[in-house]
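Please find below my notes on the model, set out as numbered points. They are best read with the structure open alongside.

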Amino acid sequence: QVQLVESGGGLVQAGGSLRLSCAASGHSFSDYNVGWFRQAPGKEREFVGYINRSGGTTYYADSVKGRFTISRDNAKNTVYLQMNSLEPEDTAVYYCAAKTIWSSKYDYWGQGTQVIVSS
């Protein structure tokens, strides 16, 4: 089992940047693929991006492609979401989630961190 804690959210002006962190504790984090998701007020949760166990594979939602970058440092049990050129539409609670290679769904979720982008 793994526990996830997001941090790094806050208020930023449009065009600015933030870096979110997803820190893991418990079982070896390098065994888990990690996804980032977000949920804006009144909207359903949506996929943002994904990184595999080694960090060698990433993919992103079209809405953030070219602006957001996911990376990980398994030695620090941490996954990062670098967000650049932020837009008001990026305002949401951001969650990280983890799953093993054997799982078809994300089994572990963090509590979320709020990102607010002002225009």
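**Notes on strand 8 and its surroundings**

1. Strand 8 is largely enclosed by the rest of the structure, because five of its six residues are buried. It should be kept in mind throughout that this is a predicted model.

2. Strand 8 has a pairing partner in strand 3, the two running antiparallel over six bridges, and within this pairing Leu18 stands opposite Met83 of strand 8. Strand 7 is likewise joined to strand 8 by six bridges in the antiparallel sense, with Thr69 having Gln82 in strand 8 as its bridge partner.

3. The largest nonpolar core holds 29 residues, of which Trp36, Leu81, Met83 and Tyr94 touch the most other members. The elements that give two or more residues to this core include strand 3 (18-26), strand 7 (68-73) and strand 8 (78-83), and also strand 9 (92-100) and strand 11 (113-118).

4. Which residues are in contact with Met83, once its neighbours within four places in sequence are left aside? They are Gly16, Ser17, Leu18, Leu20, Arg67, Phe68, Tyr94 and Val115. Of these, Leu18 is also the residue that stands opposite Met83 in the strand pairing, while Tyr94 is, with Met83 itself, among the core members that touch the most others.

5. The backbone deserves a check on either side of strand 8, since most residues other than glycine have a negative phi. Asn77, in the loop between strand 7 and strand 8, has a positive phi near 55°, and this residue sits in the turn of the hairpin that the two strands form with four residues between them. Ser85, in the loop between strand 8 and strand 9, also has a positive phi, in this case near 50°.

6. Are these two loop residues buried or exposed? Asn77 counts as partly exposed because its relative accessibility is 27%, and Ser85, with a relative accessible area of 40%, is partly exposed as well.

7. A separate remark concerns Glu46, which is found in strand 5 and is partly exposed, with a relative accessible area of 34%. Not counting residues up to four places away in sequence, Glu46 touches Phe37 and Arg38, and its side chain is joined to that of Arg38 by a polar contact of 2.5 Å. Glu46 and Leu11, which are 35 residues apart in sequence, lie 20 Å apart in space, C-alpha to C-alpha.

Key: Residues numbered from 1 in each chain as written. Predicted model: local features only at pLDDT ≥ 70, side-chain atom pairs only at ≥ 80, totals over all residues. Heavy atoms only, no water. Core = buried A, V, L, I, M, F, W, Y, C linked by side-chain atoms within 4.5 Å. Buried < 20%, exposed > 50% of the residue type's maximum accessible area, 1.4 Å probe, protein only. Contact = heavy atoms within 4.5 Å. Pairing = 2+ DSSP bridges. Polar contact = N/O pair within 3.5 Å; in protein donor to acceptor, adjacent residues only side chain to side chain.
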